[in-house]
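Here is a short set of exercises to work through with the coordinates open beside you. Try each task before reading its solution.

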Amino acid sequence: MADKNSIEKLDSIDIKILRTLQKDSSLTTKELSQRVKLSSTPVFERVKRLERDGIIKRYVAVLDMDKINFGFVVYCNVKLQRINNSIANEFTSAVAKIPQVTECYNISGEFDYLLKIHASDMKDYQHFVLNVLGRIESIGNLQSIFVLDTIKQDIGYQLPEE
């Protein structure tokens, strides 16, 4: 597993590989090696090391949520009725099983958690709140924030320039 100082252990070729894979993870080793200007065998070995070290966690296809009718995005602040270890574990276990929740963060401040939720529209979100989140007994308060427009959405992280 990667530690906090992993970025310091990466050389410029590792960073090129990571930057390239963040743009298109479907590249073959041969295509990747051409883009980073290194032969296939060392590129293959570097990618395997980056995976083994946990720097590359997984490969995914990024979907156009509007085209599959889940483009209505809501950020939902959640405050639990009370908090302790078992209640927090119960809540996070329940949320982890809900497909409409694509991100969940434990946060500080007035609320305990921040959820990113995808729905088809306002009516679908209302149904979700009443029939899915409403079944989680530990929830005390919700605050919904509706996304009007997406200005920037980077899936990857902008690695430092060489």
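Keep in mind throughout that this is a predicted model.

**Exercise 1. The overall fold**

Task: Find how many helices and strands the chain has, and decide whether the chain is compact or spread out.

Solution:
- Start with the secondary structure: the chain has six helices and four strands.
- Put them in order: from the N terminus, the elements run α-α-α-α-β-α-β-β-α-β.
- Now compare the radius of gyration with the globule rule. The chain comes to 20 Å, well over the 15 Å that the rule gives for 162 residues, so the chain is more spread out than a compact globule.
- Look at the C-alpha trace too: along its principal axes it spans about 55 × 40 × 25 Å.
- Check burial next: 28% of the 162 residues are buried.
- Finish with the contacts. Taking those between residues at least 6 apart in sequence, 67% join residues at least 24 apart.

**Exercise 2. Two cysteines**

Task: Work out why cysteine 104 has no bond to the sulfur of cysteine 76.

Solution:
- Recall the chemistry: a disulfide covalently joins the sulfur atoms of two cysteines.
- Apply the cut-off, which asks for sulfur atoms within 2.5 Å.
- Take the distance: the cysteine sulfur closest to that of cysteine 104 belongs to cysteine 76 and is 10 Å away, too far for a bond.
- Compare the surroundings: cysteine 76 is buried at 0% relative accessibility, while cysteine 104 is partly exposed at 32%.
- Conclude with the count, which is zero disulfides.

**Exercise 3. Salt bridges between helices**

Task: Identify which residue pairs with aspartate 11 in a salt bridge, then trace the network that the pair belongs to.

Solution:
- Begin with the total: the structure holds six salt bridges.
- Aspartate 11 pairs with arginine 46, and their closest N and O atoms are 2.9 Å apart.
- Locate the partners: aspartate 11 sits in the loop between helix H1 (6-9) and helix H2 (12-23), and arginine 46 in helix H4 (residues 40-52), so this pair links distant parts of the chain, 35 residues apart.
- Compare exposure: aspartate 11 is partly exposed at 32% relative accessibility, whereas arginine 46 is buried at 17%.
- Move to another pair, arginine 49 with aspartate 14, where the closest N and O atoms are 2.7 Å apart.
- Arginine 49 belongs to helix H4 and aspartate 14 to helix H2, so this pair ties together parts 35 residues apart in sequence.
- Arginine 49 is partly exposed at 24%, but aspartate 14 is buried at 2%.
- For a more local example, glutamate 51 bridges to lysine 48 with closest N and O atoms 3.2 Å apart. These two are three residues apart in helix H4, which means about one helical turn separates them.
- Both ends are partly exposed: glutamate 51 at 25% and lysine 48 at 36%.
- Assemble the network: salt bridges with shared partners join Asp11, Asp14, Arg46 and Arg49.

**Exercise 4. A buried aspartate without a salt bridge**

Task: Find which side chain of opposite charge is nearest to aspartate 112, and what its side chain lies close to in the backbone.

Solution:
- Locate aspartate 112 in the loop between strand E2 (101-106) and strand E3 (113-119).
- Look for a charged partner. The nearest is lysine 79, 4.4 Å away; the salt-bridge cut-off is 4 Å. Aspartate 112 is thus buried with no salt bridge.
- Turn to the backbone: a polar atom of the aspartate 112 side chain lies 2.8 Å from the backbone nitrogen of leucine 80.
- List the contacts beyond four places in sequence, which include Val78, Lys79, Leu80 and Tyr105.

**Exercise 5. A polar side chain in a strand**

Task: Decide whether asparagine 77 is buried or exposed, and find which side chain makes a polar contact with its own.

Solution:
- Asparagine 77 lies in strand E1 (residues 72-80).
- With a relative accessible area of 10%, asparagine 77 is buried.
- Its side chain makes a polar contact with that of glutamine 143, at 2.7 Å.
- Beyond four places in sequence, asparagine 77 touches residues including Ile107, Phe111, Leu142 and Gln143.

Key
Residues numbered from 1 in each chain as written. Predicted model: local features only at pLDDT ≥ 70, side-chain atom pairs only at ≥ 80, totals over all residues. Heavy atoms only, no water. Buried < 20%, exposed > 50% of the residue type's maximum accessible area, 1.4 Å probe, protein only. Lys, Arg positive; Asp, Glu negative; His and termini not counted. Polar contact = N/O pair within 3.5 Å; in protein donor to acceptor, adjacent residues only side chain to side chain. Contact = heavy atoms within 4.5 Å. Rg over C-alpha atoms; globule rule 2.2 N^0.38 Å.
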